[in-house]
Amino acid sequence: MIPLAMAAVLLSTGFAAPAGPSWPVCVVRDAPIRLGVSQVGRAADGRLVTYTLRSRAMRGEQRVDVLLPERFDATGRTSYPTLYLLHGAGGNRKNWTERDQIRSVIGDLPIIVVMPDGSDQGPDGKNRNGGYTDWFGLTQGTSGPVPAWESYHVRELVPFIDQILPTQANPAGRAIAGISMGGGGAVKYAAAFPGTFGYAGSFSGSLDNAVGAGRQQNCVRGNPDEQQVVWRDNNPTDLAGNLRGTHLFVRSGTGTPGPYDSPKPPGDPAERQRWQTRLLVEAGAHQMAQHFLAALEKSGIKDVNARFLPGSHSPPYWQRDLREFVSWLEPLLRPRVSTPSPFQVSNARASFTAWGWTFAAHRKVREFSYLIVRRDALTATGSGRLDVVAPPNRRPGRRYPIKIGDRTQVVKADRHGRLAFSIDLGPSHTAQQTDFGPDATKGWSSVSVKIGTACSGGRKECTGARA
């Protein structure tokens, strides 16, 4: 049994003690997440700028620190890649500047570094770890808005930064990394929205929430016995197959003493307990990383730089990992990252993006949509209706035949060259998904889609063209 003091430390690092017999009653989010962010404040300290934002997703104000490059070109004529850094549990955005020496690590590398908060204060005034998740709900008896950290970070903050700063607003110019809870969040964001971040790094990250050490009893994802689909939809290991085309960097200690640890247990009882806890937590992070790498291998994804050395769950190792990550990232940054073809996406969100495609699922229950996508074709498996918007790579105003299942329709590309259409996957399932094994989609509807070449003439002539 883990002592109470040790359990408290485990919770503060983002890895919890094994789950107890009960789970709190969760009051589910009762309204859709609304998006929209505006700037209400700006304060500069040299090249470190703190923005105060009003977020509709978070229903309140958020602060984000942005480190501009040395010799930053404010005219907008120079565009810069962007690195998003996510802190660990119990921390905040200032960890990167006050503890992890981000200024000296970045040096004169021409990159914009964005450091948001990922935790806040709960109604009791205590730190509340956000989990880098759109929360399932709140514990019964708790008041206040339900946090939507994922929507704030990915759907509001990324577009905001691209709007106000001269960024390279594409996967080739956008990286993300994090520590512990933030490492899991960084990889999950990259997997849940493929093609948003071309590079993702995890330092001692919580990469598999199915491991007992990752199951904190709260309402961030709900009760795993009842909401397994929510847990899997927020688990980097379950979403590993979505990461084809993303450059990956994974580091953790092994949970044995390393160069920044005492080689033997300290004599002082309190110090000995901290020493044991840091090693125990890092052993859990190492186990998670191994599960994640196995899932990547199963999906045939090999673009991962992974290394595991002796060490504990401690800042000196994360600072070393950050320096290695920046050195690894610098030569990889380039004007373009190619969209993989084919790529697969498994996602249970109501709406999501992948490599320029946009998808919106309309169904009565939460379940995964399973997609295999090529440039001019895709296969979708699920239920209900799936609305699709293809990437902006067609000729604006031209008509294109699209064969959806056994019927063909003609769609006119909008002014950006995008095609919008819907896929009928049959009646929505009425029970939430609980099977995620090899036969999970047995009996589900699968529909293939083929986009043809631009056709001339009217709608009638185009309908007869080959898709």
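Arg99 is partly exposed in this predicted model, with a relative accessible area of 29%. Its partner is Asp100: the two form a salt bridge whose closest N and O atoms are 2.9 Å apart. Asp100, for its part, is buried, with a relative accessible area of 2%. So here a buried acid, Asp100, is paired with a partly exposed base, Arg99. If you have the model open, this pair is a good place to begin.

From there, turn to Asp414 and Arg418, whose side chains also meet in a salt bridge, at 3.1 Å from N to O. Here both partners fall into the middle class of accessibility: Asp414 counts as partly exposed at 28%, and Arg418 is partly exposed too, with a relative accessible area of 32%.

The next pair takes us across the chain. Glu70 and Arg47 are joined through their side chains by a salt bridge with an N to O distance of 3.9 Å. That value still counts because the cut-off for a salt bridge is 4 Å between a side-chain nitrogen of Lys or Arg and a carboxyl oxygen of Asp or Glu. The pair links distant parts of the chain, 23 residues apart. Glu70 sits in the loop between β4 (60-67) and β5 (82-86), while Arg47 is found in the loop between β2 (37-45) and β3 (48-55). As for its surroundings, Glu70 is partly exposed, and its relative accessible area is 35%.

Some charged residues are connected in a wider arrangement. Glu150, Lys188, Asp233, Arg349 and Arg366 are linked in a network of salt bridges, so you may like to select these five together when you look at the model. Overall, the structure holds 20 salt bridges.

Now for a covalent link. How many disulfides does the structure hold? There is 1, and it joins Cys26 to Cys219 with an S to S distance of 2.1 Å. The angle about the S-S bond is -90°, and the link of Cys26 and Cys219 is left-handed. Which parts of the chain does this pair tie together? Cys26 lies in strand β1 (residues 26-28), whereas Cys219 belongs to the loop between β11 (199-203) and α6 (228-233). The disulfide therefore ties together parts that are 193 residues apart in sequence. Is Cys219 buried or exposed? With a relative accessibility of 2%, Cys219 counts as buried, because the cut-off for that class is under 20%.

Conventions: Residues are numbered from 1 along each chain as its sequence is written. This is a predicted model: local features need pLDDT of at least 70, side-chain atom pairs count only at pLDDT 80 or more; totals for chains, interfaces and linings use all residues. Side-chain values use heavy atoms; hydrogens and water are left out. Helices (H or I, at least four residues) and strands (E, at least two) are DSSP runs, numbered from the N terminus. Buried means under 20% relative accessible area, exposed over 50%, partly exposed in between (1.4 Å probe, protein chains only). A disulfide is a pair of cysteine sulfur atoms within 2.5 Å.
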